[in-house]
Amino acid sequence: MMSMFTSTGSCPTIYGPVSSRRHGLSLGVNLGAVDKKICTWRCVYCQCGMGEHRDFKTGDLLPSRKEVLKLLEKELQMQSDIQSVTFAGNCEPTTHPEFLEIVENVIEFRKKTKSTWKLVVLSNGSELDRKDVIKGLNQVDEAWIKLD
(Lines give C-alpha, C1' and ligand atoms only; values in the text may rest on other atoms or scores of the structure.)
Protein backbone atom coordinates (compact mmCIF):
# COMPACT_ATOMS: atom_id res chain seq x y z
CA MET A 1 0.00 0.00 0.00
CA MET A 2 1.01 3.61 -0.46
CA SER A 3 2.50 5.50 2.44
CA MET A 4 0.05 7.79 4.23
CA PHE A 5 2.79 10.37 4.85
CA THR A 6 3.79 13.32 2.71
CA SER A 7 7.35 14.50 2.29
CA THR A 8 6.73 17.11 5.01
CA GLY A 9 5.81 14.42 7.53
CA SER A 10 2.12 15.27 7.74
CA CYS A 11 -0.21 12.45 8.67
CA PRO A 12 -3.92 12.32 9.54
CA THR A 13 -4.96 11.32 13.06
CA ILE A 14 -6.35 7.99 11.83
CA TYR A 15 -4.85 6.50 8.69
CA GLY A 16 -4.93 3.26 6.76
CA PRO A 17 -5.70 0.49 6.87
CA VAL A 18 -2.12 -0.45 6.16
CA SER A 19 -1.05 -4.01 5.41
CA SER A 20 1.66 -5.09 7.86
CA ARG A 21 3.62 -8.37 7.84
CA ARG A 22 3.63 -8.46 11.62
CA HIS A 23 0.24 -6.97 12.50
CA GLY A 24 -2.01 -7.82 9.55
CA LEU A 25 -4.46 -5.18 8.39
CA SER A 26 -3.81 -2.28 10.73
CA LEU A 27 -5.35 1.11 11.38
CA GLY A 28 -2.77 3.70 12.33
CA VAL A 29 -3.27 6.26 15.08
CA ASN A 30 -1.16 9.41 14.89
CA LEU A 31 -1.07 11.26 18.22
CA GLY A 32 1.02 14.05 16.71
CA ALA A 33 0.14 17.25 14.94
CA VAL A 34 -1.47 16.50 11.57
CA ASP A 35 0.48 19.13 9.66
CA LYS A 36 4.04 18.60 10.91
CA LYS A 37 6.38 16.01 12.35
CA ILE A 38 7.58 16.63 15.88
CA CYS A 39 9.65 13.94 17.51
CA THR A 40 12.07 13.44 20.36
CA TRP A 41 14.61 11.94 17.91
CA ARG A 42 15.69 12.66 14.33
CA CYS A 43 16.19 9.22 12.84
CA VAL A 44 17.64 9.41 9.33
CA TYR A 45 15.56 6.42 8.20
CA CYS A 46 12.17 7.71 9.43
CA GLN A 47 9.42 7.33 6.83
CA CYS A 48 8.05 10.71 7.94
CA GLY A 49 11.18 12.69 7.13
CA MET A 50 13.38 14.60 9.54
CA GLY A 51 10.87 17.05 10.98
CA GLU A 52 11.43 19.05 14.14
CA HIS A 53 13.42 17.60 17.01
CA ARG A 54 11.73 18.52 20.28
CA ASP A 55 9.20 17.42 22.81
CA PHE A 56 5.55 18.38 22.46
CA LYS A 57 4.65 21.82 23.73
CA THR A 58 1.21 22.94 24.84
CA GLY A 59 0.95 25.14 21.74
CA ASP A 60 1.30 22.20 19.34
CA LEU A 61 -1.97 21.25 17.71
CA LEU A 62 -2.28 17.71 19.01
CA PRO A 63 -5.49 15.75 18.67
CA SER A 64 -7.38 15.58 21.95
CA ARG A 65 -8.20 12.27 23.58
CA LYS A 66 -11.87 12.82 22.73
CA GLU A 67 -11.05 13.54 19.07
CA VAL A 68 -8.79 10.46 18.75
CA LEU A 69 -11.44 8.17 20.20
CA LYS A 70 -14.24 9.64 18.08
CA LEU A 71 -12.25 9.26 14.84
CA LEU A 72 -11.00 5.77 15.72
CA GLU A 73 -14.44 4.49 16.71
CA LYS A 74 -15.93 5.86 13.48
CA GLU A 75 -13.25 4.21 11.35
CA LEU A 76 -13.48 0.89 13.20
CA GLN A 77 -17.23 0.77 12.65
CA MET A 78 -16.60 0.97 8.89
CA GLN A 79 -13.71 -1.55 8.87
CA SER A 80 -14.75 -5.01 10.03
CA ASP A 81 -11.54 -6.79 9.00
CA ILE A 82 -9.03 -4.81 11.08
CA GLN A 83 -6.49 -7.03 12.86
CA SER A 84 -4.62 -4.35 14.79
CA VAL A 85 -4.68 -0.72 15.82
CA THR A 86 -1.17 0.74 15.88
CA PHE A 87 -0.03 3.93 17.59
CA ALA A 88 2.64 5.32 15.26
CA GLY A 89 2.46 8.25 12.85
CA ASN A 90 4.63 11.34 12.55
CA CYS A 91 5.61 11.60 16.21
CA GLU A 92 6.66 9.60 19.24
CA PRO A 93 3.19 8.53 20.48
CA THR A 94 4.18 8.25 24.14
CA THR A 95 4.93 11.99 24.31
CA HIS A 96 1.24 12.85 23.96
CA PRO A 97 0.14 14.31 27.33
CA GLU A 98 -2.91 12.00 27.39
CA PHE A 99 -1.16 8.84 26.15
CA LEU A 100 -2.17 6.68 29.13
CA GLU A 101 -5.79 7.84 29.07
CA ILE A 102 -6.05 7.29 25.30
CA VAL A 103 -4.69 3.74 25.66
CA GLU A 104 -7.15 2.99 28.46
CA ASN A 105 -10.09 4.42 26.49
CA VAL A 106 -9.19 2.44 23.35
CA ILE A 107 -8.97 -0.77 25.40
CA GLU A 108 -12.32 0.07 26.99
CA PHE A 109 -13.86 0.56 23.52
CA ARG A 110 -12.41 -2.77 22.34
CA LYS A 111 -13.96 -4.58 25.33
CA LYS A 112 -17.31 -2.83 24.86
CA THR A 113 -17.48 -3.84 21.19
CA LYS A 114 -16.08 -7.33 21.82
CA SER A 115 -13.45 -6.72 19.15
CA THR A 116 -10.40 -8.95 18.75
CA TRP A 117 -7.86 -6.61 17.12
CA LYS A 118 -4.51 -6.15 18.85
CA LEU A 119 -3.42 -2.80 20.24
CA VAL A 120 0.18 -2.04 19.26
CA VAL A 121 2.51 0.86 20.04
CA LEU A 122 5.64 1.64 18.01
CA SER A 123 7.97 3.72 20.17
CA ASN A 124 11.51 5.01 20.18
CA GLY A 125 11.64 4.49 23.95
CA SER A 126 12.53 8.10 24.76
CA GLU A 127 9.73 8.41 27.34
CA LEU A 128 10.37 5.19 29.28
CA ASP A 129 11.36 7.21 32.35
CA ARG A 130 7.71 8.26 32.84
CA LYS A 131 5.50 6.07 35.04
CA ASP A 132 2.32 6.89 33.07
CA VAL A 133 4.00 5.78 29.83
CA ILE A 134 5.14 2.50 31.40
CA LYS A 135 1.62 1.93 32.73
CA GLY A 136 0.13 2.57 29.27
CA LEU A 137 2.64 0.33 27.49
CA ASN A 138 2.00 -2.46 29.99
CA GLN A 139 -1.68 -2.45 28.98
CA VAL A 140 -1.26 -2.80 25.20
CA ASP A 141 -0.93 -6.14 23.44
CA GLU A 142 2.42 -5.33 21.87
CA ALA A 143 4.89 -2.51 22.52
CA TRP A 144 7.68 -2.34 19.94
CA ILE A 145 10.53 -0.29 21.39
CA LYS A 146 13.44 0.36 19.07
CA LEU A 147 16.94 0.39 20.43
CA ASP A 148 19.36 2.37 18.29
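## Exercises on a predicted model

The side chains of Arg130 and Glu127 form a salt bridge, 3.1 Å from N to O. The model is a predicted one. Work through the exercises below with the structure open.

**Exercise 1. Find which residues are linked with Arg130 in a network of salt bridges.**

Step 1. Start from the pair Arg130 and Glu127, at 3.1 Å.

Step 2. Look for another partner of Arg130. Asp132 and Arg130 also meet through their side chains, in a salt bridge of 2.7 Å, N to O.

Step 3. Join the two pairs. Glu127, Arg130 and Asp132 make up a salt-bridge network.

Step 4. Check the cover on each member. Arg130 has a relative accessible area of 22% and is partly exposed. Asp132, at 26%, is partly exposed too. Glu127 has 11% relative accessibility; buried means under 20%, so Glu127 counts as buried.

**Exercise 2. Work out which parts of the chain the salt bridge between Glu142 and Lys118 ties together.**

Step 1. Take the distance. The side chains of Glu142 and Lys118 come to 2.9 Å, N to O.

Step 2. Place each residue. Glu142 is in strand 7, residues 142-145, and Lys118 is in strand 6, residues 118-123, so the bridge ties parts 24 residues apart in sequence.

Step 3. Add the exposure. Glu142 is partly exposed at 22% relative accessible area. Lys118 is partly exposed as well, at 26%.

Step 4. Set this pair against the total. The count of salt bridges is 5.

**Exercise 3. Describe the overall layout of the protein chain.**

Step 1. Count the elements. The chain has 3 helices and 7 strands.

Step 2. Read their order from the N terminus. It is β-β-β-β-α-β-α-β-α-β.

Step 3. Look at burial. Of the 148 residues, 46% are buried.

Step 4. Look at contacts. Among those with a separation of 6 or more, 63% join residues 24 or more positions apart.

Step 5. Finish with the surface. The accessible surface is about 8,200 Å², and carbon and sulfur atoms account for 53% of that.

**Exercise 4. Trace the largest nonpolar core and say which element gives it the largest share.**

Step 1. Recall the general trend. Nonpolar side chains tend to be buried together in soluble globular proteins.

Step 2. Size the core. The largest nonpolar core holds 24 residues, and Phe87 and Leu119 have the most contacts inside it.

Step 3. List the suppliers. At least two residues each come from strand 2 (24-30), helix 1 (65-78), strand 5 (84-88), helix 2 (99-113), strand 6 and helix 3 (131-137).

Step 4. Pick out the main one. Helix 2 gives the largest share, 6 residues.

Step 5. Zoom in on Leu119. Beyond four places in sequence, Leu119 touches Val85, Phe87, Val103, Val106, Ile107, Arg110, Val140, Asp141 and Glu142.

**Exercise 5. Decide whether Thr13 is buried or exposed, and list what it touches.**

Step 1. Locate the residue. Thr13 sits in the segment before strand 1 (14-20).

Step 2. Apply the cut-off. Buried means under 20% relative accessible area, and Thr13 has 5%, so Thr13 is buried.

Step 3. Name the neighbours. Leaving out residues up to four places away in sequence, Thr13 touches Gly28, Val29, Asn30, Val34, Pro63, Glu67, Val68 and Leu71.

How values were computed. Residues numbered from 1 in each chain as written. Predicted model: local features only at pLDDT ≥ 70, side-chain atom pairs only at ≥ 80, totals over all residues. Heavy atoms only, no water. Helix = DSSP H or I, 4+ residues; strand = E, 2+ residues; numbered from the N terminus. Buried < 20%, exposed > 50% of the residue type's maximum accessible area, 1.4 Å probe, protein only. Contact = heavy atoms within 4.5 Å. Salt bridge = Lys/Arg side-chain N within 4 Å of Asp/Glu carboxyl O. Areas by Shrake-Rupley, 256 points an atom, 1.4 Å probe, with all protein chains shown as cover. Core = buried A, V, L, I, M, F, W, Y, C linked by side-chain atoms within 4.5 Å.
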